[in-house]
Amino acid sequence: MAESLLGNRNINQLAFVVKDIEAANLAFTRLLGIKKAEPFLTGDSSVSKVTFRGVPTESQSKLAFLNTPTVQFELIEPDKNPGTMREFLDEVGEGIHHIAFDVDSIQKRLPIMEKSGYPALQTGEFTSSDGRYVYVDTLDDHKTLVELLESAEPRVTAWERPEDASIQPLLGTNKVEQLAFVVKDLDAAADAYCKLLGVEKPPIIHSGSSDITNVIYKGKPTEGKSKYMFINTPLIQIELIEPGESPSTWKDHLETYGEGVHHISFVVKDMEAKMKMLEEMGYPVIQTGNFFNGKGRYAYMDTKATFKVIIELLERYDE
């Protein structure tokens with residue numbers, strides 16, 4: 001197994017760009033059933049030293065870090081000054097902006113990324129501790145940006161239970177199982193991720209017979225043809241999906257938005273009850289189906305208005 005480009009395989013942060021961090025913070029805190037984190041404003045240019053596309057900028061953002069038992073959620077509300085988060089919000093809208101890795105040395109790892117074709121997009125210094133970051137432009141290959149984080153001391157990412165014991169995760173779990181991307185070329189995307197992570201390429205899985213998968217999209221049966229791949233990392237599984245020609249949420253996403261993040265997944269118990277709860281909260285079902293091997297089922301819920309991404313519910317029959 002080859003070494004990863006960043007020296008480790010720990011995708012430990014999912015970062016969301018949002019318009020209203022207070023509203024997003026309340027929503028995610030409720031979803032995850034975690035201890036509330038207060039948003040804060042990053043330092044001015046004398047502290048943060050932000051450079052975007054090689055040019056210094058006065059960019060500041062409000063941030064909130066929400067710790068779960070696995071990956072950390074970062075919420076980012078950018079100001080109007082030039083920066084990659086502002087650009088994302090203006091051009092794409094709210095959603096997942098990047099995934100992050102803690103690295104031993106940016107000075108050591110950035111040249112490796114640049115040599116691999118991933119130049120620095122934005123750099124800056126931490127506000128509240130001794131550390132720095134760099135976003136590298138991996139968008140074409142990995143369908144999202146990758147952030148390198150270098151800290152003098154380990155970042156605080158440990159999950160803390162809320163002081164109020166009655167606060168529980170909305171879905172019965174706050175463990176994010178998967179981060180899924182819709183792609184045009186499964187092989188190419190898989191090659192890029194396997195090189196980044198230093199892992200062997202998993203087998204391609206083809207969607208099963210419609211007699212088994214029983215896909216319902218927007219209330220109508222469909223073959224929902226696709227091929228996909230699961231790439232394991234220590235904290236979260238990456239799912240890559242290349243849709244076929246039959247109607248599906250993946251095909252619709254690709255045609256409407258292009259390649260990129262499609263959903264995050266949670267493994268739940270009593271999926272019917274969780275679906276009903278979300279529907280009653282105003283989040284309708286987009287698509288349902290069974291696993292290709294019949295050993296479980298899934299439901300995509302239209303949660304983008306609140307959580308900036310589709311949430312997938314997974315129920316496994318062998319658990």
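Let me begin with a pairing inside the fold: strand 7, residues 95-102, is joined to strand 10 by five bridges, and the two run parallel. Within this pairing, Ala100 stands opposite Glu147 of strand 10. I should state at once that this is a predicted model.

Strand 10 has a second partner. Strand 9, residues 131-136, is connected to strand 10 through six bridges, and here the direction is antiparallel. Val134 has Leu148 of strand 10 as its bridge partner.

Is strand 10 enclosed or open to the outside? Strand 10 covers residues 145-151, and six of its seven residues are buried, so the rest of the structure largely encloses this strand.

Turning to the chain as a whole, the protein contains 10 helices and 20 strands. Of its 319 residues, 55% are buried. Among contacts with a separation of 6 or more, 66% are between residues 24 or more positions apart.

What does the radius of gyration tell us about the overall form? A compact globule of 319 residues would be expected to have a value near 20 Å, and the protein chain has 19 Å; the chain therefore agrees with that expectation. Along the principal axes, the C-alpha atoms fill a box of roughly 60 × 45 × 35 Å.

Finally, I come to the surface and the charges. The accessible surface amounts to about 14,600 Å², and carbon and sulfur atoms contribute 50% of it. The chain carries 34 positive and 49 negative charges, and the mean positions of these two groups lie 2 Å apart.

How values were computed: Residues numbered from 1 in each chain as written. Predicted model: local features only at pLDDT ≥ 70, side-chain atom pairs only at ≥ 80, totals over all residues. Heavy atoms only, no water. Helix = DSSP H or I, 4+ residues; strand = E, 2+ residues; numbered from the N terminus. Rg over C-alpha atoms; globule rule 2.2 N^0.38 Å. Buried < 20%, exposed > 50% of the residue type's maximum accessible area, 1.4 Å probe, protein only. Contact = heavy atoms within 4.5 Å. Areas by Shrake-Rupley, 256 points an atom, 1.4 Å probe, with all protein chains shown as cover. Lys, Arg positive; Asp, Glu negative; His and termini not counted. Charge placed at Lys NZ, Arg CZ, Asp CG, Glu CD. Pairing = 2+ DSSP bridges.
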